[in-house]
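User: Could you take me on a close look at one part of this model, the largest pocket, and at what surrounds it?

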Amino acid sequence: MADQEYTLPIPVADEASKPFFDGANEGKLMLVKCSQCGTYRLPGRERCLDCWSTESEWAQASGNGKLYTYGIMHQKYHPAFADETPYNYAIVELAEGPRLVTNIVDCKPDDMKTDMPVEAVFDRVSDEATLIRFRPTH
Ligand SMILES: [Zn+2]
């Protein structure tokens with residue numbers, strides 16, 4: 001995809017999520033890990049959902065997970081998606097626990113099944129941004 005211009009909206013990192021997006025550019029799925037109890041969470045949450053601690057560190061996740069739920073989008077809510085429709089949107093439950101909103105690639109809509117194992121793929125969409133998507137593991 002890097003050889004053609006990417007025209008869809010690209011997420012913009014803020015201070016809290018910058019290590020997540022920097023990690024994606026390096027082919028790493030980064031999560032926030034509670035320093036007290038070890039529970040993982042997505043960036044943007046100040047406190048651990050388990051023990052309420054604010055002490056945390058960044059840690060690389062395995063990139064493995066399962067398809068928690070998904071939908072096939074047929075409606076064109078944004079003009080940039082006109083050529084992409086229908087496309088899937090998915091929530092992947094990572095092996096570490098957090099659930100990530102993403103897309104499934106290398107999979108036909110009819111082949112998508114909840115609970116199927118998936119792994120992260122790193123889709124470099126511009127010089128600055130890499131989107132983390134998931135594909136079925138075989
Ligand atoms: Zn904790």
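Analyst: Happy to. Helices and strands here are DSSP runs of at least four and at least two residues, numbered from the N terminus. Please keep in mind that this is a predicted model.

With those labels in hand, let's start with the pocket itself. The largest pocket has a volume of about 920 Å³. Its lining is made up of 34 residues, and Y6, L8, N103, L131 and R133 are the ones closest to the centre. Several elements contribute at least two residues each to this lining: the helix α1 (18-25) and the strands β5 (87-94), β6 (99-102) and β8 (130-136). Among the contributors, β8 gives the most, with four residues. Sorted by class, the lining holds 22 nonpolar residues, along with six polar and six charged ones.

R133 deserves a second look, since this residue is among those closest to the centre of the pocket. R133 also forms a salt bridge with D123, with 2.8 Å between the closest N and O atoms. That pair links distant parts of the chain, as R133 sits in strand β8 and D123 in strand β7, 10 residues apart. Are the two partners buried or exposed? R133 counts as buried because its relative accessibility is 10%, under the 20% limit. D123 is buried as well, at 15%.

The two strands are joined by a further pair. R135 and E119 meet through their side chains in a salt bridge, at 2.8 Å from N to O. R135 belongs to strand β8 and E119 to strand β7 (residues 117-124), so this contact ties together parts that are 16 residues apart in sequence. Here both partners are partly exposed: R135 has a relative accessibility of 32%, and E119 has 24%.

In total, the model has six salt bridges. Another one of them pairs K28 with E26, at 3.7 Å from N to O. K28 is partly exposed at 31%, whereas E26 is exposed at 57%.

To round off the tour, here is the metal site. The zinc ion is held by the SG atoms of C34, C37, C48 and C51, which lie 2.2 to 2.3 Å from it. The angles among these four donor atoms run from 101 to 117°, and the site is tetrahedral. Along the sequence, the donor residues follow the spacing C-x2-C-x10-C-x2-C. Two of these donors can be set side by side: C48 is buried, at 1% relative accessibility, while C51 is partly exposed, at 36%.

Terms used: Residues are numbered from 1 along each chain as its sequence is written. This is a predicted model: local features need pLDDT of at least 70, side-chain atom pairs count only at pLDDT 80 or more; totals for chains, interfaces and linings use all residues. Side-chain values use heavy atoms; hydrogens and water are left out. Donors are N, O and S atoms within 2.8 Å of the metal (3.2 Å for Na, K and Ca); water is not among the atoms, so sites may look incomplete. Four donors count as tetrahedral if all angles lie between 85 and 135 degrees; four count as square planar and six as octahedral if opposite donors are over 155 degrees apart and all others between 65 and 115; anything else is irregular. Buried means under 20% relative accessible area, exposed over 50%, partly exposed in between (1.4 Å probe, protein chains only). On a 1 Å grid over the protein atoms alone, a cavity is a set of points where a 1.4 Å probe fits but cannot get out, and a pocket is an open set with protein on both sides within 12 Å along at least five of seven lines; lining residues have an atom within 4 Å of a point. Grid points are joined across faces, edges and corners, and a volume is the space filled by probe spheres set on the points. Ala, Val, Leu, Ile, Met, Phe, Trp, Tyr, Cys and Pro count as nonpolar, Asp, Glu, Lys and Arg as charged, and the others, Gly among them, as polar. A salt bridge is a side-chain nitrogen of Lys or Arg within 4 Å of a carboxyl oxygen of Asp or Glu.
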